[in-house]
There are 2 protein chains.
Amino acid sequence: MTASQPPRIVIIGGGFGGLSAAQRLRRAPAQITLIDRQNHHLFQPLLYQVATAALNPSDIASPIRRTLRHQKNVEVLLGEVTAIDLEVKQVLLADESIPFDFLIVATGATHSYFGHDEWAPFAPGLKTIDDALEIRRRVLFAFEAAERELDPARRHAWLTFVIVGAGPTGVELAGALSEIAHHALARDFRHIDPTQARVILLEGSPRVLPVYVESLSEKAREQLVAMEVEVRTGQMVTAIDADGVSVGTERIEARTVLWAAGVAASPLARTLGAGVPLDRAGRVRVNPDLTIPGRDDVYVVGDLASLDQDGKPIPGVAPAAMQEAVHAAKNIERTLRGQGRLPFRYHDKGSLATIGRAAAVADLGRIKLSGLVAWLAWLFIHILFLIGFRNRFVVLFEWAWSYLTYDRGARLITGPPARRPVAEPEDREPGVIAGKSEEPGRK
Amino acid sequence: MTASQPPRIVIIGGGFGGLSAAQRLRRAPAQITLIDRQNHHLFQPLLYQVATAALNPSDIASPIRRTLRHQKNVEVLLGEVTAIDLEVKQVLLADESIPFDFLIVATGATHSYFGHDEWAPFAPGLKTIDDALEIRRRVLFAFEAAERELDPARRHAWLTFVIVGAGPTGVELAGALSEIAHHALARDFRHIDPTQARVILLEGSPRVLPVYVESLSEKAREQLVAMEVEVRTGQMVTAIDADGVSVGTERIEARTVLWAAGVAASPLARTLGAGVPLDRAGRVRVNPDLTIPGRDDVYVVGDLASLDQDGKPIPGVAPAAMQEAVHAAKNIERTLRGQGRLPFRYHDKGSLATIGRAAAVADLGRIKLSGLVAWLAWLFIHILFLIGFRNRFVVLFEWAWSYLTYDRGARLITGPPARRPVAEPEDREPGVIAGKSEEPGRK
C-alpha cells in the first residue's frame, strides 16, 4: 500500500450489515475488501423454511461475489478472520493479513448454550445453511426412524420434538414442525401416524415472543395452541442429552431437540483488545457514531454492536443492522471528505413474527396485528425483500434461465454439516444477550 | 407372517428399477416393502447439474415415500440392506431382518477406482446427491482459493480441473465446468480470470463416449474442443493425489479432480452366496426371465443384473433398468396367478449424451444427431421425464404451492457429504464393467 493508493476499507461479514455497508460505499473513492467465511449472503429470516424443507438453500442465499459483481471498487474474499490487530491496522486470516485504513466489523452473533456447550450436539441451533440442513436431516430422519421402531416408548420419543426458546425462530420452528407432522407427512407412513407427533415449545420467561408486547405474545400462544403445539413458558431446561430434555425434575423423552434460545456475540470482538469495552453478551459498546472507543477508523455494526437509544438497547434485528451499516459507511465517506462523523439514530419500523399458515403477529407501533392479516403482511414483506435480494420469483425461472444465460442459480458452498465447534469454550461466563433469546422481531 | 396373509414382496433399491417395480405392482394382491438407504429417488441423469450448481438437489430428487404415498400395498423403509439370506428368505438390515416371498434386488452400481481406492478422497465420483454437493463445493472453492492465491503456479493448479473418464457423465461434467468458468463466473473475480481455467478430460480408450458409434464420438470431441475443453484420449491415469494427476510420466498439477471412470456392481450381490454366479464386474448373471439361477422367487434388475441379448450385454442405462423392473414385476404377478414366467427382451430406444449449451449427441438407431438438434432432443426428453417424475415445472410453483397445500418440496435427507467408504476394499480384483466406463447412453 503506497500513499497514492485509494484508502482501503475492510468489511468483515457478508450478512445484512456487511453487505449493506459495501453497497452503500459503491461510489466511495476507496478500495473495499469484504471478507466472509461463507461464499453466500443469507436471508436469515427464512432460514427456518430451509430447516423445515419448504425452501431450498439457494432460494434464500446468494453468492456475495455475484451480488457485488458490478461494484468494481469491492473485492470479495472467502476466509475466516481470526483476529483484528488495531495496532498495525490489519485483520488476520489463517494464512494472510489484510491492512485497512477503515474497518467495519459486522460479524454478528452465534449460538449460546448458556454455559452448557455440551448440549450443542444434541440440540442444534439455526444460524447457517449447514445448521438448517442438519435440522432438516434430523427432523425427517426422526419420522423414518419412528416408522421402523417397534417399541412404543422409543417410537414416541422419535415422534417428540422439543424446541428450546420461544423467540421468533423458536415460534416459527414449532409452527412449521407442527405443519409438517399434520399436513406434509400425514399420509406418507404406514406404521405411524405423523399427526400424533408432539411438538413442545419451551420458554424460560413467562411468555412466548418475550420482547413483543404482551397482547401479541398472548395471540401468538393462542395460534400455536390452535396448531397443537404444546407451549410451556416459565420452564428452565436443566439438561439435554441424546434421549431428551430435563425441565426441572421432569424428563421429556425426545430424540429431536432444537435450540433457539441463546445468542452470543461473535468471538471476534474479544480480539479487539483490552481497550475496547464489551457488554456481558460479548458485544462491543460502540460510540453513538458507531466507532469503537478511542478509534475513529473502526466501526462495529449489527448484532455485534451494543448501543442504547432513549434508554433502551437497539435490538439485534436485520433492519437495525442494515441501518447501522449504512450509517457507518456514510461516516467513512464523510471522513474521506474531511467532514465530521454523525451520531446514529435507529428507526424502528416494527416487528413481525410468523407462526404458520395464516398465523403471525405484527407490531407496527400503534398498530398490532395477528392472524391472517399479520401473516399476509409478513408474506408480502418477505417476498418484497427476497425480490430486492435478487432471489425468489427469479427462482421460478431458474432452470430455463440457466440455459439461456449460463447463469447458475445454486452457487452455494454449504460445506459439511458437521457441527461447528461452539464459539465460547473459555472459562469466561458465556455471554447471553439478555432480553434477546434470539434475533427478535425481524421484518 | 401367517399363511393367510398376502405374499410379501421385498424390493431393495429406490432407483429407476426399484421404483418402477413397485409402481408396476400397484394392483398386485401383495404386501410390498421397498427399502432404500436414501429417503429419495434420484433422477440421476441430471445429477451433474446439481454438481455444477445449476439445479438444487430437490429439483431432481423426490421422497420415495411421497411418490408411493397413494399406493397402499407398499411400505417404504429407510435403511441399508447388509445381506440377503436366501436360505431363510430374509433380507438383513443392521437391526432388523425382513422376510420375503419374492425379492427384487435393484441396488445398482457404485464407483470403482480400478483397484486404487486410495484415489477416492482426491477424486470424488458422482452417484448421489451428497457426491454432487461435494463436487460443487470443491469446484466453487477452487475459484475462491485461486482468487486468494498469490503464487502463480499454485493459482494455476487451483484453476485446473481434471475429469477422469469420458463417458456421458465425464463429458457432461467437462462441458458444464467449462461453461461455469467461461460464463457463470467470468466477471465475478478481481484477481483471477476464470476464463483462464483449464478443463482437462482424460479417457483411457481411444475416443470419448466409447460406447457410442465412432461418428458421434468425433462430434462430441469437436463440440468439447469448441468449448475449450482439453480432450485427451488413450491416456491412462497412474496416480492421483491432493495436488494433481499423473498420466504415464506426465504430471498435471490440479487441485480439483473428478472421477467419472469406473462403475462396479453393488457389493450386495456377493451376499447372495456361492450358488449365484457373478461376472467380473460383480454383477449377477441372471436367467432370461431375470430370476437368479436356482431360484424362481428372486429377481435382479438394473445395473446389478448381467444379461446378454443377441450376443451383446444389455447396457446399464435407466431405460433398461426400468424395463427389467417392470418385467420382473410382471413375472411375479404371473407366478401369483399360476402362470409361467416369460423371458425379458430389451427395447433400445436410443442414447443421448449432452455436452453443454446447444451441444449434444444422439444415437436413435438409424438417426444420428449432434449439436443443437441433439441438444433440443435431450432437453425435451429430460423435461418430459422430470414432469412424469413430479418435479420440474412443479418446482416453478413450489414456494406458492407449499403455502397453499402444506406440501414440502425439498424433503430430502442428504446427510453429511463426508466420503462414503469405497465399496470394494477386499483383495478381490475390483470389478470394472468392461465397455461401461460409467452409465452410458441415458435417455
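# Rings, strands and helices in a two-chain model

Modeller: Over all chains, a search of the whole structure finds 14 aromatic pairs. Rings of Phe, Tyr and Trp (its six-membered ring) pair if their centres lie within 6.5 Å; planes under 30 degrees apart count as stacked, over 60 as edge-to-face and the rest as tilted. This is a predicted model, in which local features need pLDDT of at least 70, side-chain atom pairs count only at pLDDT 80 or more, and totals for chains, interfaces and linings use all residues, while side-chain values use heavy atoms, with hydrogens and water left out. Residues are numbered from 1 along each chain as its sequence is written, and chains are lettered from A and ligands numbered from 1 in the order in which they are written.

Biologist: Are the rings of Phe143(A) and Phe189(A) stacked, edge-to-face or tilted?

Modeller: Phe143(A) is in helix α5 of chain A and Phe189(A) in the loop between α7 and β12, 46 residues apart. Helices (H or I, at least four residues) and strands (E, at least two) are DSSP runs, numbered from the N terminus. Both residues are buried, meaning under 20% relative accessible area (exposed is over 50%, partly exposed in between; 1.4 Å probe, protein chains only). The ring centres are 6.2 Å apart and the planes are at 35°, so the pair is tilted.

Biologist: Over which ring does the charged end of Arg255(A) sit?

Modeller: A charge sits over a ring if NZ of Lys or CZ of Arg is within 6 Å of the ring centre and within 35 degrees of the ring normal. The charged end of Arg255(A) lies 4.1 Å from the centre of the ring in question, that of Trp158(A).

Biologist: Which strands of chain A are the edges of the sheet β24-β25-β26?

Modeller: Two strands pair if DSSP finds at least two bridges between them. The three strands form an open sheet with antiparallel pairing, and four bridges join β25(A) to β26(A). An edge strand here pairs on one side only, which fits β24 (351–356) and β26 (367–370).

Biologist: At what angle does helix α8 of chain A run to β25(A)?

Modeller: Axes are lines fitted to C-alpha atoms, for helices over the stretch in contact, and angles run from 0 to 180 degrees between N-to-C directions. Contact means heavy atoms within 4.5 Å. Helix α8 (residues 214–226) lies across β24, β25 and β26 of chain A, and its angle to β25(A) is about 170°.

Biologist: Through which helix does the chain cross from β1(B) to β2(B)?

Modeller: Strands β1(B) and β2(B) are parallel, with five bridges, and Val10(B) has Thr33(B) as its bridge partner. The β-α-β crossover between the two strands is right-handed: with the strands pointing away from the viewer, the path from the first strand over the helix to the second runs clockwise. The helix on this path covers residues 16–24 and is α1 of chain B.

Biologist: How many of the nine residues of α1(B) are buried?

Modeller: Among the buried residues of α1(B) are Phe16(B) and Leu19(B). The buried residues pack against several elements of chain B, including β1, β2 and α9. The helix is largely enclosed by the rest of the structure, because the buried count is seven.

Biologist: Is Ser306(A) buried or exposed?

Modeller: Ser306(A) is in strand β21 of chain A. Leaving aside neighbours within four places in sequence, its contacts include Asp279(A) and Arg285(A). At 6% relative accessibility, Ser306(A) counts as buried.
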